[in-house]
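Open the model in your viewer and keep the sequence panel beside it, since each stop on this tour begins with a selection. The tour starts at a single residue and then widens.

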Amino acid sequence: LQRLEYLDISRDPSSNSVGRIDPNSEINLFLRQFYCLPRLKQFDLSGHNNVSSSSLQTFLIHHRSLQFLGLFLTEEKYLPCFH
């Protein structure tokens, strides 16, 4: 997937379990693999309420060509770095 530019893994937030954020959940492990998807331009994570701030920040630091990040219905849209 070295040439992938658009990825939408959004989902219905009602399918998420409510509780504490697990830093070892699949989505957080994926976000910390900073060498993946080097050409990604658009990435939609909407509806994932288990994204950790540190995993998302790691991903953003290593994906400088990202032009769109979908965070609708997540808590991460309230991070100070997005203001």
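Is S52 buried or exposed? Select S52 in this predicted model and display the accessible surface around that residue: S52 is buried, because its relative accessible area is 8% and the cut-off for that label is under 20%. In the chain, S52 sits in the loop between β2 and α2, the latter spanning 53-61. With the side chains shown as sticks, look for the polar contact that joins the side chain of S52 to the side chain of S55, at 2.8 Å. Next, add I21, N28 and E76 to the selection, which are the residues that S52 touches when those up to four places away in sequence are not counted.

From S55, move on to the helix. Colour S55, L56 and F59, which are buried in α2. Then turn the view until you look down the axis of α2: the buried residues of this helix fall within an arc of 95°, and therefore they line one face of the helix. To see what lies over them, show α1, β2 and β3, which are among the elements covering the buried residues of α2.

Now select the strands. They form an open sheet of three strands in the order β1-β2-β3, with parallel pairing. Its edge strands are β1 (6-8) and β3 (68-70), each of which pairs on one side only, and the twist from one strand to the next averages 5°. For a closer view, keep β1 and β2 (residues 42-44) on screen, where three bridges connect the two strands in the parallel sense; if you pick Y6, its bridge partner in β2 is Q42.

Which residues touch the most other members of the largest nonpolar core? Select L31, F43, L45 and L69, which have that position among the 13 residues of the core; the elements that give two or more residues to this core are α1 and α2. Of these four residues, centre the view on F43 and expand the selection to its contacts, which, leaving aside residues up to four places away in sequence, are L7, I9, F30, L31, F59, L66, F68, L69 and G70. F59 has already appeared at an earlier stop, as one of the buried residues in α2.

Two further selections show residues that are separated along the chain. First pick E26, which is found in helix α1 (residues 26-31). E26 is exposed, because its relative accessible area is 73% and that label applies to values over 50%. Draw a distance from its C-alpha to that of N50: E26 and N50 are 24 residues apart in sequence, and the C-alpha atoms are 9.3 Å apart in space. Then pick R11, in the loop between β1 and α1, which is partly exposed with a relative accessible area of 39%. The C-alpha atoms of R11 and G47 are 5.1 Å apart, although 36 residues separate the two in sequence.

Finally, clear the selections and return to the whole chain. The protein chain has two helices and three strands, which follow the pattern β-α-β-α-β when read along the sequence. Of its 83 residues, 34% count as buried. Among the contacts in the chain with a separation of 6 or more, 71% are between residues 24 or more positions apart.

Conventions
Residues numbered from 1 in each chain as written. Predicted model: local features only at pLDDT ≥ 70, side-chain atom pairs only at ≥ 80, totals over all residues. Heavy atoms only, no water. Pairing = 2+ DSSP bridges. Helix = DSSP H or I, 4+ residues; strand = E, 2+ residues; numbered from the N terminus. Axes fitted to C-alpha atoms, helices over the stretch in contact; angles between N-to-C directions. Buried < 20%, exposed > 50% of the residue type's maximum accessible area, 1.4 Å probe, protein only. Polar contact = N/O pair within 3.5 Å; in protein donor to acceptor, adjacent residues only side chain to side chain. Contact = heavy atoms within 4.5 Å. Arc of directions from axis to C-beta. Core = buried A, V, L, I, M, F, W, Y, C linked by side-chain atoms within 4.5 Å.
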